[in-house]
Amino acid sequence: MHRLYNSLEPRVMDEDMLKLAVGEQGPREEAGQLARQEGILFKDVLSLRLDFQNILRIDSLWEFENLTKLQLDNNIIEKIEGLEQLVHLVWLDLSFNNIEAIEGLDTLVNLEDLSLFNNRISKIDSLDALVKLQVLSLGNNQIGNMMNIIYLRRFKDLRTLSLSGNPIAESEDYKMFVCAYLPDLVYLDFHRIDDHMKEMAESKHQYSIDELKHRENLIQSRLENEQAQQEELEKHKAAFVEHLNGSFLFDSMYTEDMEGNKLAYLPGVSELLQAYKDKFIIICLNIFEYGLKQQEKRKLELDTFYECVQEAIQENQEQGKHRIAKFEEKHLLSLNAIRDESELTNFEMKIVEYGKDITELFNVLMTLEMQLVEQLEETINMFERNIIDLVALFIENCRDLENHHHEKLLEISINTLEKILKGDVDEDLPDDLRPLFVDKDTIFNAVGASHDIHLLKIDNREDELVTRANSWCTHLVDTIHKNEIMRNRRRVKEINQYIDHMQNELDSLECSDVID
């Protein structure tokens, strides 16, 4: 069922082993000799065979970043590991090893063909990331629970499956069960599944399949709903107004407000609190809608900015190309005229004149670049002013509403205290509320503590909103400035390299004249 350790020493992959394997499997003849002389970069290797190497542990493969095919069969590997960087892998053979669990494959999202034939695996799991899986070989393992088949229903592209040699394959209903629960499968244990077998399997397990499909549909619907909610939340976060489209902020104000929750039982406070909540939520919704609109404006502003920048760069490049083209038209004529000149005085004059042409071209190109820099700087500054204006959001209305509620609650509380002292209270107050109504100072402290908690929640949410918006703005503008600096440096370097090339050609003519 599994490979035994042989008399050879178990090996761990190292650079020497990998270099040898790459060299042996590399190109032959003249190309191969050249590759062996200069060395083959691991990142350029697409296919690697490491079978029958007595390898105990997978290691040192991180440099094979573009590998698409990896053969590790017939070793003594006990654990799937060290494959995280091989994200382009399409074909992986780990058959005839001592692997006990499927693991370490989470990054291999492009894997289509996986062989784990003849190992010690007892459960099919941890393959969720392999969304492109088409071929799966798990024969000659220790899989005994038929429910493992149901796990494979999530792989919509799976067409070939091998499970022979496992305890589940000995079940009388094995083939029927697999065909029923994996209806898109084409090959099972190296045999094509015929239509008759599929019809029989579907008929036999129809009730269970229908029930399973119903559960799967419910789960899928829930997942899609959660995904939609998450996408919507990310959209709200981008506008800095997440959780402001409901009662979240209001509810959070009372989560830690012990005194406020007690005072809610005072006569008349329940109605006051409900009115406060309704108005508070309306204000939050207004801020939420305003935030989304501002986000759209920011996006439009950003798109317009990049469009303007691109147009300015393109126009500038066209002007530069035009000037270079005019120069190069004259360039060949000037060089030929210099080469053909036999009179030393005329030769030197033409050299000087051509040098001036090169200097003039340099000045023109650099002037164009400086004009572009100034134009882009002005555009960036204007964009920065506009974007700063667009991130100005405040929650003053919430604070005003809280202050109004605080005044009303304090008024009701004082009136209640006066009635208690006079013995005019009609309703019995809750036991935990009575200690507050000892004197005015206690009432003031309780209502004030509630008010402070509410203001703190509002202030914190406002600070969070403004801080994140300003941080986004700062980061964006800094990035734009850095990108423009890098663009300018690249352009200046290009101009200098071009002018240096022209000057070198001129210098070579002068040198040749001196030699002659």
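In which helix does leucine 372 lie? In this predicted model, leucine 372 belongs to helix α10, which covers residues 344–390. The chain as a whole contains 12 helices and 10 strands. Its radius of gyration is 38 Å, well over the 24 Å that the globule rule gives for 516 residues, so the chain is more spread out than a compact globule.

**Overall dimensions and domains**

- Taken along the principal axes, the box filled by the C-alpha atoms of the chain is roughly 125 × 85 × 50 Å.
- Two domains are assigned: domain 1 spans residues 11–142, and domain 2 spans residues 247–508.
- The centres of domain 1 and domain 2, taken over C-alpha atoms, are separated by 47 Å.

**Burial, contacts and surface**

- Of the 516 residues in the chain, 38% are buried.
- When contacts between residues at least 6 apart in sequence are considered, 59% of them join residues at least 24 apart.
- The exposed area of the chain is about 30100 Å², of which carbon and sulfur atoms supply 51%.

**Charge**

- The chain carries 56 positive and 101 negative charges.
- A distance of 3 Å lies between the mean position of the positive charges and that of the negative charges.

**Leucine 372**

- Leucine 372 has a relative accessibility of 2% and therefore counts as buried, the cut-off being under 20%.
- Beyond its neighbours within four places in sequence, leucine 372 is in contact with Ala312, Ile313, Asn316 and Arg487.
- Glutamine 317 is 55 residues from leucine 372 along the chain, and the C-alpha atoms of these two residues are 9.6 Å apart.

**Aspartate 432**

- Aspartate 432 is located in the loop that runs between helix α11 (396–422) and helix α12 (440–515).
- The relative accessible area of aspartate 432 is 44%, so this residue is classed as partly exposed, a category that lies between the 20% limit for buried and the 50% limit for exposed residues.
- From aspartate 432 to phenylalanine 190 the C-alpha to C-alpha distance is 75 Å, with their positions 242 residues apart in sequence numbering.

**The two residues side by side**

- Leucine 372 sits within helix α10, whereas aspartate 432 sits in a loop.
- Leucine 372 is buried, whereas aspartate 432 is partly exposed.

Definitions and conventions: Residues numbered from 1 in each chain as written. Predicted model: local features only at pLDDT ≥ 70, side-chain atom pairs only at ≥ 80, totals over all residues. Heavy atoms only, no water. Helix = DSSP H or I, 4+ residues; strand = E, 2+ residues; numbered from the N terminus. Rg over C-alpha atoms; globule rule 2.2 N^0.38 Å. Buried < 20%, exposed > 50% of the residue type's maximum accessible area, 1.4 Å probe, protein only. Contact = heavy atoms within 4.5 Å. Areas by Shrake-Rupley, 256 points an atom, 1.4 Å probe, with all protein chains shown as cover. Lys, Arg positive; Asp, Glu negative; His and termini not counted. Charge placed at Lys NZ, Arg CZ, Asp CG, Glu CD. Domains from an automatic or database assignment.
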